[in-house]
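Student: Please take me through this structure, one question at a time.

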Amino acid sequence: MSGAEILQCLRDRFGPALLETHQDRGDTTAVVERRELLDVLRFCRDEPTLGFDMLMDLTAADYLKYPGREDGPRFEVVYLLYSLPHNHRVRLKTRVDEDDAVVASAVELWPIANWLEREVWDMFGVRFAGHPDLRRLLMYEEFVGHPLRKDYPIDRRQPLIGPPA
Amino acid sequence: MGVGSFFTSKLDEAIGWARKYSIFQYPFVTACCGMEYMATACSHYDVDRFGAGLPRFSPRQADVLFVVGTISHKMAPVLKRIYDQMTEPKWVVAFGVCTCTGGFYDNYATVQGIDTIIPVDVYIPGCPPRPESVLDGLMKLQDKIAAQTQRF
């Protein structure tokens, strides 16, 4: 399936929940309404013509100081999907604000989302509703803040942790 | 100088001489500096000439801790525990700028110098240090071992 066909398939099914779509040099992207995100992801996985059986990556981006996006929703959570049977890809995004940074968890769809969502929580402070075990993945528990946020001071020193007694 | 002090000072020297030529290192290798550490250990630079040719991979058998490579905050408790497990007498070498000061990793994840966690005897800067600098640092450590008051 070509990128245009994938987008058309999603548009036919979800219509206005697709806020924005674009294609650039073989990359197919759709920005999805947060409320519909889980449904879109499930449709992508279960619809036989799409067949996105693999969640390649789940990450986020902070648009705090991005030109033109200063007052828009701060974070974008990005899902990179791949279909083994069809050998095609799609990138889905959803936008969340800082004071309401919660996205539905995709763990029930792809178990790999468990660690990826923990990483996004750790680095960006975006929470995932329904995640079975939302702890920090890379940093330690005593760590304060979320280091990949654009307003995290680059030279902030964190408390050192000692060996467990 | 009385007979007693003559005896202990000469004994100190003898033990220092023995200790500086029988360095059993514990290589705590976490990053790219490890390649340079290996180059130093291999035949071309031959660290065995200085009596430091036998790395022990148990801290309980080692007396010089070589911290080779970037130490992250999450690794810091491990390094501290390794140091605590070594028996006296023990020395620590900070190998490479990351262990000396954090190097260019001035960020949220990296310990800004291992001397914030454990005492360090010799700092070998460089990114990574050439084997010549490593051997120079090792010789400085030997001088320090030989010159210090030996406890036993």
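Student: In what order do the elements of chain A run from the N terminus on?
Tutor: The model is predicted: local features need pLDDT of at least 70, side-chain atom pairs count only at pLDDT 80 or more, and totals for chains, interfaces and linings use all residues. Residues are numbered from 1 along each chain as its sequence is written, while chains are lettered from A and ligands numbered from 1 in the order in which they are written. Helices (H or I, at least four residues) and strands (E, at least two) are DSSP runs numbered from the N terminus, and chain A has 3 helices and 7 strands. From the N terminus on, the order is α-β-β-α-β-β-β-β-α-β.

Student: Which strands of chain A stand at the edges of the open sheet?
Tutor: Two strands pair if DSSP finds at least two bridges between them. The open sheet has 5 strands in the order 1-2-5-4-3, with mixed pairing, and its twist averages 20 degrees from one strand to the next. An edge strand has a single partner, so one side of it is left without a neighbour in the sheet; in chain A these are strand 1 (18-24) and strand 3 (54-62).

Student: Which residue stands opposite A:Leu81?
Tutor: Strands of a sheet pair through backbone hydrogen bonds, either parallel or antiparallel. Strand 4 (residues 75-83) and strand 5 (residues 88-96) of chain A run antiparallel and are joined by 9 bridges. Opposite A:Leu81, in strand 5 of chain A, stands A:Val90.

Student: What angle does helix 2 of chain A make with strand 5 of chain A?
Tutor: Contact between two residues requires C-beta atoms, placed from the backbone, within 7 Å. Axes are lines fitted to C-alpha atoms, for helices over the stretch in contact, and angles run from 0 to 180 degrees between N-to-C directions. Helix 1 (residues 3-14) of chain A lies across strand 1, strand 2 (27-32) and strand 5, at about 175 degrees to strand 1 of chain A. Helix 2 (residues 37-46) of chain A touches strand 2, strand 4 and strand 5 of chain A, and its angle with strand 5 is about 175 degrees.

Student: Is A:Pro159 buried or exposed?
Tutor: A:Pro159 is found in the segment after strand 7 (127-129) of chain A. A residue is buried if 20 or more other C-beta atoms, placed from the backbone, lie within 10 Å of its own, exposed if 12 or fewer, and partly exposed in between. Because A:Pro159 has 10 C-beta neighbours inside 10 Å, this residue counts as exposed.

Student: What radius of gyration does chain B have?
Tutor: The radius of gyration is taken over C-alpha atoms, and the globule rule is 2.2 Å times the number of residues to the power 0.38. For 152 residues a compact globule would come near 15 Å, which agrees with the value for chain B, 16 Å.

Student: Which residues touch the most other members of the largest nonpolar core?
Tutor: A nonpolar core is a set of buried Ala, Val, Leu, Ile, Met, Phe, Trp, Tyr and Cys residues joined through C-beta atoms within 7 Å. Elements of chain B that each supply at least two residues include strand 2 (64-68) and strand 3 (91-95). Of the 37 residues in this core, those touching the most other members are B:Leu65, B:Phe66, B:Val67, B:Val93, B:Ala94 and B:Phe95.

Student: How many residues does the contact take from chain B?
Tutor: The contact draws on both chains, with 10 residues from chain A. From chain B the number is 11 residues.
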